[in-house]
Amino acid sequence: MTSTLMKVFTSRLCITMHTPENEFFSGAKGQYHESPQRHEAILKYLESHPESFEVTEQVEDFGHEPIKRVHKQDFLDYLETAYEGWIQEGGHPNGVMPSAIPHYKIARLGKIKSKSSFAKAGEYCYDLSAVITKDTFKAAWNAVQVTLTATKDLIRLGNEYEKNLVKGTATRENPPGLYVLVRPPGHHAHSDICGGYCFLNNVAIATQWLIDQPTLKRKDGGPKKIAILDIDFHHGNGTQEIFYTASNPLYTSLHPHDDYPYFSGATEEKGEGEGLGFNINIPLPDTTTNEEYVKALETLIQEHVIPFDPDYIIVSLGVDTFKDDPIAGFLITTEGYPIIGNAIRKIGLPTLFVQEGGYCVEKLG
Ligand code: Q9C
Ligand code: ZN
């Protein structure tokens, strides 16, 4: 019998250092929902259940190379210096938020290159919900390093699992699973724009890093194959964009028909070039219940994930599908999540769960 302890990778640094105060929600100023309190609530629950969770704050430094494989250098330079420039030009200390975004209907788009921090705030961000505070870049960077630390451990546990399968001491029913409790989240971050509370795409960086490992190969000599399951309420437009022309990973997402981020997530978005057929969007009704959600997830797994024949699963784990989520929500209840977890476990592959959204702080634990 293998241990049922789940290892959790987190860090106080990324939880606490990114501190926007406000966002605009349906036209009104409100509190910033993507808060340190979310992760503190989750951590409190995990730490009070040591029989089920082993929380570690170990973090290895993987440097900037894995990040540069996903994000453009000018965007990274911008994120690192945005707050400083903003303050120098008289921006409000609450943080960087665009006041003009280069809308695609503006004919001059691309012909003006403004040096103003206020212009850059819109050039590199597509909405009003990715506020850059003093240490946002440090937090996002640390979140990536924690995610990569866990991903490295996933390789180790995956190899161990393979050996145990051969020995007969493990079954396909009990694959290793690791949980990464970091913020800011990542799945709305594109290669060169932030938005939707996201700055660096943790899941995309971990995925690309796994694919890039020179010593990690499939039997046929090719790189390991990753399937991303994006079960955050919202469509992961950033992850989709980053891998849109790639045949590895397979990106899959369940999300509502017509909700934030509004301009992506249609079934017709199937990928391009080599990536054609490797981007699967499944829009669902706003009223989706536990049963309907699990059914859609199981169909997605059977029809798309299993045929792809992946080596690892990476889950963009948003729990803003919860019925009482303040900014989102299908009708998923607390009882629904273990059923969703079991559907993913049954795939039988090493799985990395990375925290994305989920804003009902009272119930997050
Ligand atoms: N009226 C994540 O869950 N604001 N990001 C939406 C809708 C932004 C969600 C406003 C929501 C971003 C990671
Ligand atoms: Zn979300």
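1. Two strands count as paired here if DSSP finds at least two bridges between them. Bear in mind that this is a predicted model. On that footing, 8 strands make up an open sheet, in the order β4-β1-β5-β10-β9-β6-β7-β8, with parallel pairing. At the edges sit β4 (53–56) and β8 (279–284), each pairing on one side only. From one strand to the next, the twist averages 20 degrees.

2. For a closer look at one pairing, try β6 (residues 226–230) and β9 (residues 312–317): they run parallel and are joined by 5 bridges. Within that pair, Ile228 stands opposite Ile314 in β9.

3. Now the helices. Helix α2 (residues 36–47) packs on the sheet and touches β1 (6–10), β4, β5 (177–181) and β10 (351–355). The direction of α2 makes about 140 degrees with that of β5. Helix α9 (residues 290–308) also packs on the sheet, touching β6, β7 (250–256), β8 and β9. For α9, the angle with the direction of β7 is about 165 degrees.

4. On to ligand 1, which has 14 residues around it; the closest are His188, Gly196, His234, Asp320 and Tyr359. Sorted by class, that shell holds 6 nonpolar, 6 polar and 2 charged residues.

5. Three side chains are worth clicking on. His188 has a polar side-chain atom 3.3 Å from a nitrogen atom of ligand 1, while a polar side-chain atom of His234 lies 3.2 Å from an oxygen atom of the ligand. In the side chain of Tyr359, an N or O atom is 2.6 Å from an oxygen atom of ligand 1. Taken alone, ligand 1 exposes 410 Å², and the protein buries 89% of that.

Terms used. Residues are numbered from 1 along each chain as its sequence is written. Chains are lettered from A and ligands numbered from 1 in the order in which they are written. This is a predicted model: local features need pLDDT of at least 70, side-chain atom pairs count only at pLDDT 80 or more; totals for chains, interfaces and linings use all residues. Side-chain values use heavy atoms; hydrogens and water are left out. A residue is near a molecule or strand if one of its heavy atoms lies within 4 Å of it. A polar contact is a pair of N or O atoms within 3.5 Å; within protein, one must be able to donate a hydrogen and the other to accept it, and residues adjacent in sequence count only if both atoms are side-chain atoms. Accessible areas come from the Shrake-Rupley method with a 1.4 Å probe; for residues, only the protein chains shown count as cover. Ala, Val, Leu, Ile, Met, Phe, Trp, Tyr, Cys and Pro count as nonpolar, Asp, Glu, Lys and Arg as charged, and the others, Gly among them, as polar. Helices (H or I, at least four residues) and strands (E, at least two) are DSSP runs, numbered from the N terminus. Axes are lines fitted to C-alpha atoms, for helices over the stretch in contact, and angles run from 0 to 180 degrees between N-to-C directions. Contact means heavy atoms within 4.5 Å.
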